[in-house]
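These are my notebook entries on one structure, written down in the order in which I looked things up. I put a question to myself at the start of some entries and then answer it.

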Amino acid sequence: MSRLNLGILQVNHDRSVEVGDAFPDDAHRFRDLFDAQEQRFNYRVYMTIGGEVPRDLDEQDAYLITGSPLSVLDDLSFLPALYDFIRACDAAGKPLFGACFGHQAIAMALGGQVARQEWNIGIDYVEVTQALPWMQPPASTIGLYQFHHDAVTVLPEGCTAYATSPKCAIAGFAKGDHIFTTQAHPEFSDPFMRCVLDYTRPHLSAEEVAEAEATLNRANDGQLFADWVTRFFGGTP
């Protein structure tokens, strides 16, 4: 099986002892997720949080923008270059996938809107309202890890929402066959989720923590979603 070249744009650099030193970084969590498949990728990580973006779209076959505890609503120094890259991918029809922060960044770059909302933490049941060609095997509802305080509230022109949940109206969107996003974290594991929840506990109410913990025994469909992403990239999971 031929390998696809996947560029991972990392927009987080966790230096905390509790999380950053205890678990692989964002790019490696996605690598672990995809490496459970038969498909193999040649990976290239771009430290976009430090301003690094691909100089040429054809450096890779497809691109992925990771999640981050940072907010696209803040004046982050790396955002202008990232937004330019996203718009270039859109114009060229280059396959681009974004998760959480990546999902929101793609929306902002293409003219959508993001706003602060209530926390959505834990495994959320997401309803698939529109099946896309690469969603094989199909599913009408999937359980995915969530950890976000911001959300896409207005879609960019030409984009279509394909998923929703009571806690996240626009849980994912697509544009043509070259842009695919999710507000969720398919790359999260149960130990990582519980660690991040514990680390964030001082900033949450007791009710928010209890509500999040109550969801953690739900089924996680992260690997199924990873299969969809691989098919979106043009691979065979």
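**Entry 1: Thr230**

Does Thr230 count as buried or exposed? I noted before anything else that this is a predicted model, and then I looked up the residue. Thr230 has a relative accessibility of 0%, and because the limit for buried is under 20%, Thr230 counts as buried. I found Thr230 in helix 6, and I then listed what it touches, leaving out residues up to four places away in sequence: Phe34, Gln37, Gln39, Phe41, Gly235, Thr236 and Pro237. I also looked up one distance to a partner in that list, and the C-alpha atoms of Thr230 and Gln39 are separated by 8.0 Å, although the two residues are 191 residues apart along the chain.

**Entry 2: helix 2 and helix 3**

I turned next to a pair of helices. Two packed helices are described by the angle between their axes and the distance between the axes. For helix 2 (residues 79-92) and helix 3 (residues 101-109) I wrote down an angle of about 75° and axes 9 Å apart. Angles of 65 to 115 degrees count as roughly perpendicular, and helix 2 and helix 3 are therefore roughly perpendicular to each other.

Which residues of helix 2 and helix 3 meet? From helix 2 I listed Leu79, Leu82, Tyr83, Ile86 and Arg87, and from helix 3 I listed Phe101, Ala105, Ile106, Met108 and Ala109. Sorted by class, this contact has nine nonpolar residues, no polar residues and one charged residue.

**Entry 3: aromatic pairs**

How many aromatic pairs does a search of the whole structure find? The search finds 21. I took Tyr63 and Phe85 as one example, and their rings form an edge-to-face pair with 5.0 Å from centre to centre and 85° between the planes. Tyr63 lies in strand 3 (residues 62-65) and Phe85 in helix 2, so this pair ties together parts that are 22 residues apart in sequence. I checked accessibility for both partners: Tyr63 counts as buried at 0%, and Phe85 is buried too, with a relative accessible area of 4%.

My other example was the pair of Phe97 and Phe225, which is tilted, with 6.1 Å from centre to centre and 50° between the planes. Phe97 belongs to strand 4 (residues 96-99) and Phe225 to helix 6 (residues 222-233), and the pair links these distant parts of the chain across 128 residues. Both Phe97 and Phe225 are buried. I then saw that Phe97 and Phe225 are members of a cluster linked by ring pairs, which also holds Phe30, Phe34, Phe41, Tyr43, Trp134, Tyr162, Phe180, Trp228, Phe232 and Phe233.

**Entry 4: charges over rings**

I looked for charged ends that sit over rings, and I noted two cases. The charged end of Arg29 sits over the ring of Phe192, 3.9 Å from the ring centre, and that of Arg44 sits over the ring of Tyr46, 4.1 Å from the ring centre.

**Entry 5: helix 4**

Phe192 led me on to helix 4 (residues 190-200), where Phe192, Met193, Cys195, Val196, Leu197 and Thr200 are buried. What do the buried residues of helix 4 pack against? They pack against helix 1 (26-34), strand 5 (113-128), strand 6 (141-154) and helix 5 (206-213). I followed Val196 further: at 14% relative accessibility it counts as buried, and it touches Val19 and Phe147 when residues up to four places away in sequence are not counted.

**Entry 6: Thr153**

Strand 6 also contains Thr153, which is partly exposed, with a relative accessible area of 33%. Leaving aside neighbours within four places in sequence, I found Thr153 in contact with Gln113, Val114, Ala115, Gln117 and Ile170. The C-alpha atoms of Thr153 and Gln113 are separated by 5.6 Å, with their positions 40 residues apart along the chain.

**Entry 7: backbone checks**

Most residues other than glycine have a negative phi, and most peptide bonds are trans. With this in mind I noted Cys100, which has a positive phi of about 55° although it is not a glycine. Cys100 is found in the loop between strand 4 and helix 3, and at 3% relative accessibility it counts as buried. I also noted a cis peptide bond that joins Gln136 and Pro137, with omega about -5°, and I placed Pro137 in the loop between strand 5 and strand 6.

How values were computed. Residues numbered from 1 in each chain as written. Predicted model: local features only at pLDDT ≥ 70, side-chain atom pairs only at ≥ 80, totals over all residues. Heavy atoms only, no water. Axes fitted to C-alpha atoms, helices over the stretch in contact; angles between N-to-C directions. Helix = DSSP H or I, 4+ residues; strand = E, 2+ residues; numbered from the N terminus. Parallel < 35°, antiparallel > 145°, perpendicular 65-115°, else oblique. Contact = heavy atoms within 4.5 Å. Nonpolar A, V, L, I, M, F, W, Y, C, P; charged D, E, K, R; others polar. Phe/Tyr/Trp six-rings, centres within 6.5 Å; stacked < 30°, edge-to-face > 60°. Buried < 20%, exposed > 50% of the residue type's maximum accessible area, 1.4 Å probe, protein only. Lys NZ or Arg CZ within 6 Å of the ring centre and 35° of its normal.
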